[in-house]
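Visitor: I should like to go through this model with you. Please take the questions in turn and close each reply on what was asked.

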Amino acid sequence: MMGTQRWFGKPVQRVEDPRLLRGKGTYVDDIDLPEMLHAALLRSPHAHAKIVYIDTSAAQALPGVHLVLTARDLGDVLEPSPLLVPHQALTQPRTQLPLARDEVRYVGEAVVMVVAESRYLAEDALDLIDVEYEPLPVVHSLTSASTSVAPLVHADVPGNVAAHLVQQVGTPDEIFASAPHVVRETFVMDRGAAMPMECRGVVAKWDTLEEMLICWISTQGPIPIRNGLAAIFHLPEHKVRVVAPDVGGGFGTKIMLFYPEEILTPFAARHLERPVKWIEDRREHFISANQERSQSHDVEYAFDDQGTLLAVRDRFFHDTGAYTPYGIVVPLITACTLPGPYRLRHYTSEFTVLYTNKVPVSPYRGAGRPHAVFVMERIMDRIASELHLDRLEVRARNFIAPDEFPWDVGLVYQDGGPTTYDSGNYQAGLEKLKALLDYDHFPEKQAAARQEGRYLGLGVGCYVEGTGIGPYEGAKVSVESDGRVYAATGITTQGQAHATTLAQIVAEQLGVDIQDVMVTTGDTQAFGWGVGTFASRAATVAGSAMHLAAVKVREKTIQVAAELFEALPDDIELADGKVFVRDAPQKALTLGQLAISANPLRYSYGENARQLQNVKLAGPRPGPALPAERGGPGLEATEFYSPPHASFASGVHGAIIEVDPVTAMVTFLQYAAVHDCGRVINPVVVEGQVHGGVAQGIGGAFFERLVYDEEGQLLNASFMDYFLPTAAEVPIIMVEHVETPSPLNPLGVKGAGEAGVIPVPALFASAIDDALTPFGIRVQEMPLHPCRLSELLHSPDEKDC
Amino acid sequence: MMHDQGELLAFTEECEIAVTVNGQRYERRVPVRLLLSDFLRHELHLTGTHVGCEHGVCGCCTVLLQGEAVRSCLMFAVQADNLFLTTIEGMAGTQSDLHPIQQAFLEKHGLQCGFCTPGMIMSIHALLHENPDPTEEEIREGLSGNICRCTGYQNIVEAVKLAAERLRVAPEEVE
């Protein structure tokens, strides 16, 4: 990528917006098919129980009810969901049945599905179902899972241990033996959830004419679902089409598959030969859509008198909930993220993944990283306070220098590849942050405020984030005869502006307006190879594939034009939707005319075809109409991109907060994010991603905690009780970019989607400590909601929270 | 809780209603328990009004009832009998141009997934009607009944400022 860019890197407006702004989007629940029926799920009210019997006769007799499904009605579909991402350390994987048969293991686990004329009727029928449960002892927390007397979530999994992994870099034990300073602390993070505004949903249709299953699912991974449904229902893959239409936010929770309803809804549709819709309501979402974040770390760290971090020994427990559908990706990411931007050469990471009687865990935006960054940044702050050094100076002393890349952390990353940082410039980010927050003058401001009885604090959080993992994505780019460009890829879109950013990549190569690039994502019929949108990988992996396909189409266009114009390929230019010889722009053809010309049919239609006939004379020609070197008709190419390993984005965030020591309410006075995701395709889009991530981070640090009682009941399963931040709580976020291109892909890009959320718990803790220095508080838990902070402030005996 | 079928029958009572939505009058026979949000979406196929929580917190389902912003998931359709509603589909009217609030969202990147957007726009419409020149704090307070999980609100606030400015220069014609 070089020279003047017309589209790439520019803050262009989103092409998808006018449709969405008019209320003309199509989310799953907006799909209305003739003869459609509606499903509702009966879910377990117990966190752990045996199912003694289920009586559905009254529900079945209710007029308007078409189908009542229990586990025993599912035939060979009653198989545990496939284990995604297996790992050798995951010795006791357990996945969920589409409907529980003998035992339920969390409140919300699906037990019966009813299909009826309307959702109202289906829910009526749920009330007529009688299930007798025999309650079993409950594992309601990480602490209670790991004791020697803990009940077992799965009777055949001793100690509730799903996985155990030890990784080591260097010789930490030797370093600890001789280190000048060693500190040991525990850090805890509790559960939170993604909470996209659109809940999950499935519409399934069995097309009797085509003998084909068609599903519209609010998912981040339609292709794996297509492949799985084909296997489950013994159908050829080309007879299953899965579409992720407009998706109202995902943030990771919709990359999980299979959710039971993604199997049950198609099952019902096929059985009844009528379309069936299931839409999750918000209460269901709270108890059946995957959650994350719960970990407890016991960490020792060694450092010298200059503040150099010498070694870290981290042992942590990770709560996976009742099942391990997504393997151990989250704790693996935590282990690999902990070293961060620092030159850590001696590191032991040991984790134990424990089952609990709670909603299963799979990645939520950040996916194990906020936890790791919280631990490491707490370490940096502690080193500074122990040695009376400046917090940012300690970080700077430990940073990997810009000339030390590629930097091998020495661990195997979640995708099986190396944790090798491809590029970065952490010092530059830190300097920008200092300027944004006027860091050098903050102590004066803080002192002045304290004179007035106000408690200001400044916090920082630095992170490095593995993004853009493989295995691969692909893209097809095709010029249509009207000159517009069709571009399809297998990833999905949950608000990331792919219709715009991918169009920018294509437009850059083909010299067309982005309004003339029609991007299709998330439809297995349009593009059937690939994985999905998660792990901050869409722009990096699918974007690179799109670039490669567009380059191929450009080359083909030039080849066809050079023949047509009898000119040298190097003299052909593409601009403004036209193709011409550099010295003769007046003789330009449109890209559509070129596309027609590249398709040697004797039948072509429309104005472009007529125009072309004036230019191109059908003369005698030797050989086939479509020469082999053309590689097929039209201006079309399909390309794939598989990254060698993850690309590592980074960032430095900082905030100035004010704490009211009476109410324990915290106000963000300033927030600054310096962000490096390599080359930026569209700065407005990236800034939007950062803003949204920070808002979720603030939620996860201060407002959002899923509270379970000892019976495993979620006590705050509504938006009245689980507080998502509103416009009144989220501050103005200043964003600046550092661009260190990734050498791993042709665009030089890195992922940006998850970044914003990652350092927020760390910087929030740092800022609270700083603001409340007179109270001697050191934050060791997240989230720290106002009630908890109040406890810490007003219970002097519990300062070590 | 177990119900018997007799109790359930009471829920299926129906009622004739006439509602004017975006200037068009609709007459329908609906179950009395049908939520207004479901009526708009599933009976009238005006699916731009979204449902995010069904307990009146998220604001995705906000519509204008007699010009006032209300949450259509907290009302029954029968409660809208003989009343006027405006939904997102009615914001730009029959014009090809976007409404100034929609236009400002486009220019300021005020949306990502777009799910909360229709409700946001309806709330902002009511807010600016009540207070044509809000301060940033008033805007944020005014938006606090609508949850957005994507944008962090910053660009929405910017969009409100821009829309307010334009609407002050060229106010909407009163319907």
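Visitor: In which sense, left-handed or right-handed, does α10(A) pass α19(A)?

Guide: This is a predicted model, in which local features need pLDDT of at least 70, side-chain atom pairs count only at pLDDT 80 or more, and totals for chains, interfaces and linings use all residues. Residues are numbered from 1 along each chain as its sequence is written, while chains are lettered from A and ligands numbered from 1 in the order in which they are written. A crossing is left-handed if the near helix is turned anticlockwise from the far one by less than a right angle, and right-handed if clockwise. On that convention, the crossing of α10(A) and α19(A) is right-handed.

Visitor: At what angle do helix α10 and helix α19 of chain A pack?

Guide: Helices (H or I, at least four residues) and strands (E, at least two) are DSSP runs, numbered from the N terminus. Axes are lines fitted to C-alpha atoms, for helices over the stretch in contact, and angles run from 0 to 180 degrees between N-to-C directions. For α10 (residues 369–387) and α19 (residues 760–771) of chain A, the axes are 7 Å apart and the angle is about 35 degrees.

Visitor: How many charged residues has the contact of α10(A) with α19(A)?

Guide: Residues are in contact if their C-beta atoms, placed from the backbone, lie within 7 Å. Here α10(A) contributes A:P370, A:V373, A:F374, A:E377, A:R378 and A:D381, and α19(A) contributes A:V760, A:P761, A:A762, A:A765, A:S766 and A:D769. Ala, Val, Leu, Ile, Met, Phe, Trp, Tyr, Cys and Pro count as nonpolar, Asp, Glu, Lys and Arg as charged, and the others, Gly among them, as polar. The contact of α10(A) with α19(A) thus has seven nonpolar residues, one polar and, for the charged class, four.

Visitor: Which are the edge strands of the open sheet β22-β23-β24 of chain A?

Guide: Two strands pair if DSSP finds at least two bridges between them. The three strands of this open sheet have the order β22-β23-β24 (chain A), with antiparallel pairing, and the twist from one strand to the next averages 30 degrees. The strands that pair on one side only are β22 (572–575) and β24 (584–590) of chain A.

Visitor: Which residue of β23(A) stands opposite A:L574?

Guide: Four bridges pair β22(A) with β23 (residues 578–581) of chain A in the antiparallel sense. Helix α15 (residues 538–565) of chain A lies across both strands, at about 125 degrees to β22(A). The residue of β23(A) opposite A:L574 is A:V579.

Visitor: Which residue takes a positive phi in the hairpin of β16(A) and β17(A)?

Guide: Strands β16 (residues 407–412) and β17 (residues 418–421) of chain A run antiparallel and are joined by three bridges. A:V412 has A:P418 of β17(A) as its bridge partner. Five residues lie between the strands, and the one with a positive phi, near 90 degrees, is A:G416.

Visitor: Is A:A646 buried or exposed?

Guide: A residue is buried if 20 or more other C-beta atoms lie within 10 Å of its own, exposed if 12 or fewer, and partly exposed in between. A:A646 lies in the loop between β25 (636–641) and β26 (647–660) of chain A. Beyond residues up to four places away in sequence, A:A646 touches residues including A:Y413, A:D415 and A:G468. Because A:A646 has 30 C-beta neighbours inside 10 Å, it counts as buried.

Visitor: Why does helix α13 of chain A lie largely in the open?

Guide: Helix α13 covers residues 442–451 of chain A and is followed by A:G453, which has a positive phi near 80 degrees. Helix α13 of chain A lies largely in the open because, of its 10 residues, the number buried is zero.

Visitor: How far apart are the centres of domain 1 and domain 2 of chain B?

Guide: Domain bounds come from an automatic or database domain assignment. Chain B is divided into domain 1 (5–90) and domain 2 (100–169), and 14 residues of domain 1 of chain B are in contact with 12 residues of domain 2 of chain B. Taken over C-alpha atoms, the centres of these domains of chain B are separated by 24 Å.

Visitor: Which helix gives the largest share of the side of chain A that touches chain B?

Guide: The contact joins 47 residues of chain A to 50 residues of chain B. On the side of chain A, α1 (17–21), α3 (119–127) and α18 (683–703) each supply at least two residues. The largest share, six residues, comes from α18(A).

Conventions: Contact = placed C-beta atoms within 7 Å.
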